[in-house]
Each structure stands twice: as structure tokens, then as C-alpha cells.
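Visitor: Hi, I'm new to this one. Could you walk me through it?
Guide: Sure, have a look and ask away.

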Amino acid sequence: MDDGAVSRAATAEAGAAPPLLAARGVSKAYGGVHAVEDVTLEFPAGTVTAVVGDNGAGKTTLIKILAGVIQPDEGHLEVDGRAVRFPTPAAARAIGIETVHQDLSLADHRDVVENLFIGREVARGSGPMGLLDKRRMQQETIRVLDELNVMIPSVRQQVRRLSGGQRQAIAIGRAVHWGSRILIMDEPMAALGLQEAKRVSELVAALAARGLTQIIVSHNLDHVFRLSTRIAVMRLGRLAGLRETERTNHEEIVRMVAGLASAPAAESRHGAAAG
Amino acid sequence: MSKAQAPAPERVRRVSPLRGLITRPEFGAIVGTTAVFLIFSAIAGGSGFLSVLGAANFLEVAAQVGIIGSAVSLLMIAGEFDLSVGSMVGAAGMIVALGIAQFGLPPVAAVALAFVFALFVGWLNGTVVVRTGLPSFIVTLGSLFILRGATIGLTRFVTGRTQVGGLDEFTRSDPFSQLFTAFVGIPQGTATAQFKVAIVWWIGLALLATFILLRTPFGNWIFGAGGSAVAARNVGVPVARVKVLLFMATAASAALLACIQVLSVGSGDVLRGGQKEFEAIITAVIGGTILTGGYGSAIGTTLGALTLGMTQMGIIFAGIPADWYQFVLGGLLLAAVFVNDWVRRRASETRR
């Protein structure tokens, strides 16, 4: 009877006409600095969009706007073609947009199960004083991790005793479990060893194969080319261009990042629709 | 899915009961409580420590600090301190005493007033902390002195003194006051052993705190708020609300202790509750709660309070001058911290 809730994570609709998520002319300024300026970018269902750019190019600000962490000064977001407003991260999550922040947002002293369910505990009875259903949460955690093929010694292990890659996998697993529609990841492979980065990238690829719409911020062009279907290049707060991953190469992206060959904005907008 | 996949139960490693026990936060407190009990049984067992009267004595002392300790430990697990609880005991107690003796309020009204005041101050403490982001140590250090100073100043202004007595005549025949002053008799052979009702409050609150911590979503939020507030907020835990509620609960526990003290003794004193804030923190720390938040146990705190009670009364039963209580308490605290730290480290090292 609870299957509806349980299988939410696995579903990702194939998109129809309007893009699943879109930013329309969003700007955000801090003091006199335009962190993000007039960015229009669509994220059609099923695509994996890599957002690349130099330090300070506005990647993280853009991601935070999409995740509801900060609100744009101008412009707006659309979900399924309808204008939306995310006053809080919770509002974005309610619509199915989950974010794995760079700090992973894990409670170190708590175990894997508690981290997966924190803030959204399964309880008999309602409200904060219901009775936790620990067995159910543990079974669910095991199911999620098995499904994603995440290897950890025990779901009852404190998260701080896990390796960086395992922690990243837990954070992603949590986001996937709760985020039915869009997964945003900020530098998921940074600060990971080679082997661990490989595991996490396999995880991202597996999610893409399931049709999950993803947005990935990364510095590492090797990962970007391996995992993404489209690459959005940010430069000095603006969208410098959008390319199909299959129709571009390292060199072009590097040149765009450096500002040596920027595509006209109009072309990039149409590029989004073609994806 | 793949043939190489490990069987599912692998995810939940079976741990030996001993290892499971050692990695519990309250393990150190179990060892410490047992050790303190054995020591005082050995040196003071003959002089009444082990008698029912002795138990009633040290349980009452334990109850007094344990009532505050339960709330304080939840607050510490949520990553915050409240140094103003001791002053709150004095302030709330004075509200009860003045309300009854000076202004002729019925005890139930005076007690209600004390609780409302405590909840308000707790709300204020919590709101200032979560709004400003200042360390709660500093904020509540401020309220510690403000509350104490206001209590002394206002009491002297109203009564010209710093003690208010003579509550007995108003409370003796008052059934409501019995909630805080009654004795609970437990048949003991031919006689009946008398235990203070404070012990019942203590055990009740300890059970409630443990239940909240381990069995409710709110308990999970407490751990999350202390372990990593940003993380908890990102995943939807109402961190600010959790912390404010715990500040309110802590202040309310101080008001409860104030009612028990003032109504039992029959007088209020502006200096009541002095150093109770430190004793409460000590019980939490003995119980395995760490100062940085995110880790701890209400059961451990209860054992910590028991340890404190046994130590304070054990010294007296052993014939050691009570002057040495603070000396022993300090040593106990350091020993508990060393043991807890060592246990935690060993527990993590010896994992495969």
C-alpha cells in the first residue's frame, strides 16, 4: 500500500513540450558585483547539463537560485512552463528538485539511516512527536543503497567514519531517494580520490540512464564530457554558451571558459530547445 | 542485481553485544555510576549509604540536578548551552514565594506565573541565539547575571530582604502544592520508606527525554540541529524552532525545580539554584554528551545525575567533610571526560 511513496525515487518522466525547469533572465547582484546576470537556460527532462566556468563565473550562484537557497533579483524560474518562486530550499524540494551541496549536508555523528531520513522521518502518527518507524527506515535505506549499488559496511555506521566517496554516495542517494524530478550537484567529484571519483561518476551515469534530469557543476572537463549531454558555459556571471556534449570538444569549451570564443546568446537559447 | 552482490543483511553488520554497548554514548556513564556506587558502598555502606534512607537521600539530590539535566542535555545535543538555568531557579522560585507570601496568590497561580515567566525567558534566550547567531554560551552568560541581578534587586525592592519565608501556612493544606512537595511511600517490610516526589518528576522527565530523543522525528531533529545545523536546515529540519523550543524546555525545567525547592522548604531565597547550570552540564557530560553537539544521551545524563547524587551524599555518609564535594565533583568530571573520550576513540579505531 505504500508503494507509491517507495517507488517515487525511481521515476523520472520523459518530458513533453515545456522544459522541466527553466531560468528566465535571472540576475543576482551582491553589492556592485553581478554574480549572475540575465541568464536564460532551459533544462529539458532527461538531460544531464554540466555547468562549467572559471572561479567566480556564477556557477554556484546559479545553482543556488535553482535550488531555492537564494532568490534572484530579477527574472524568474519556470517548472513545466509555469512560473514558480522558491522562497526556501524546502519549496524547491517540494516540487522535486534536490540538491547535493558541496558540503554534502550530512550530520556526522548520525548513522546512514538517520541521515537519509533526517527532516523527513517515517513515523507512526503525525507531527514531530510521532513514533519513529526505525525498521522501515532501515529497510528503505538498504533498498536505496542496493539499488544505486553503493558499497558501505553498514547502514548503522556513523557517517563520519565513512570515506569521502561513501559520504558523497550517501548524499546523492538521499537526494535521489527524495528528489523525483531533478538532481542538482555542486562539484560532486571534487575532493575525491581517483577510485572514489570513478564510483561516484558511475552512480551519476546510472542515474542518467534511468532518465533522471541532472544539473552538475564541475571543474573537471573529463568528468563533464563523460557524464553530461549538454554543457552550459558561464563566464563573468553570464551564460557564455550552451553546447551539445556530442557536438563540441575540450578545446572549444576551454576557449569559451576563457572568453576567447563566445557564442551569441540567441544561439544558445535555441540550442536548449534542440536538446 | 549482479551475481557478485553481497546479501542484503550485510548492510547491517552484526555487532557483538559488548561492542554495541561500548559504542553507546552512555557507556562511560554506566561504568562511572557503577564505580562510584561500589566505592561509596565500600567506604560508606556501613554508615547508611546502602540503607533505604540513604537511597532516598541520594536519589533526591540526583533528582534535583537530574530534572534540569534532562532538558539541558537535549539542548546540548542540539548544540547550545543555557548557563542561565541556575539563575532561573532563583528567579522562578522567587516569583512563587513572592506571589504566595507577598501578593496572596493561590499557589497554582504563582506556579503558573513562574512557568510563564520561565517559558518567556527561554523563548527570549533561544530567539536571541538563533537570530543573532551569537554563541549561546555568551548570550546565556548575560542572562545568568541579568536574571540573578534582577531577582536580588526586585526582591529587596519589594520586601527589603533577600529571603521570603512563611509559605507553609499557605501551602500546607493546598492539594496543588502536593504535586511538588509530597512523599511517595514504598512499603519496606513493616515500615514505609518515604521518597520525595521530585524523584518521580526526575524519572518521568528522563523517560520523556529519552523517548523524544530516540523514538520521535523531533529527536532526530535535535541530533541534526547539533550535529550540523546547516545540513539539517538544507534537508528541511526547522533548526531554529527546535532550538528555541529546547531553550524554553530548559527554562521550564528550572522553574519546575524552583517550585519543588521553594514549596518543599517553605521559603524562597534569591540565591537558590546557584551553580546548578554547571552541575547540569556536568551530569550531561558524565553521561556522554559532547560539548560540540550532535551526540549524547538522555539516559547517560540520568546516570550522570545519579552519580552526582551518590557522590554528594556518599561523601557525607563516609564522614568526609562536605567541603570536599566540589573537589570530588571536579575530579569526577575530568575522569568522565577522559573515559568517554577514550572509549569513543577506541570504539572507532577497532572497527574494521
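Visitor: How many helices and strands does chain B have?
Guide: Chain B has 15 helices and four strands. Those are DSSP runs, numbered from the N terminus: helices are H or I with at least four residues, strands are E with at least two.

Visitor: Anything I should know before we go on?
Guide: This is a predicted model, where local features need pLDDT of at least 70, side-chain atom pairs count only at pLDDT 80 or more, and totals for chains, interfaces and linings use all residues. Residues are numbered from 1 along each chain as its sequence is written, chains are lettered from A and ligands numbered from 1 in the order written, and side-chain values use heavy atoms, leaving out hydrogens and water.

Visitor: OK, what's the radius of gyration of chain B?
Guide: It's 22 Å, which agrees with the value near 20 Å for a compact globule of 352 residues. That radius is taken over C-alpha atoms, and the globule rule is 2.2 Å times the number of residues to the power 0.38. Along the principal axes, the C-alpha atoms of chain B fill a box of roughly 80 × 55 × 35 Å.

Visitor: And how much of chain B is buried?
Guide: Buried residues are 53% of its 352. Buried means under 20% relative accessible area, exposed over 50%, and partly exposed in between (1.4 Å probe, protein chains only).

Visitor: Let's switch to chain A. Where does A:Val51 lie?
Guide: In strand S3 of chain A, residues 48–53. A:Val51 is buried, with a relative accessible area of 1%.

Visitor: Which residues is A:Val51 in contact with, leaving aside neighbours within four places in sequence?
Guide: Among them are A:Lys59, A:Ile215, A:Val217 and A:Met234. Contact means heavy atoms within 4.5 Å.

Visitor: Which strand is joined to S1 of chain A?
Guide: S4(A), residues 74–79, is joined to S1(A), residues 21–30, by five bridges, and the two run antiparallel. Two strands pair if DSSP finds at least two bridges between them. In this pair, A:Leu21 stands opposite A:Val79.

Visitor: What about S4(A) and S5(A), what do they form?
Guide: A hairpin, with two residues between the strands. A:Asp80 in the turn has a positive phi of about 55°. S5(A) covers residues 82–84, and three bridges join it to S4(A) in an antiparallel arrangement.

Visitor: Which residue in S5(A) is the bridge partner of A:Glu78?
Guide: That's A:Ala83.
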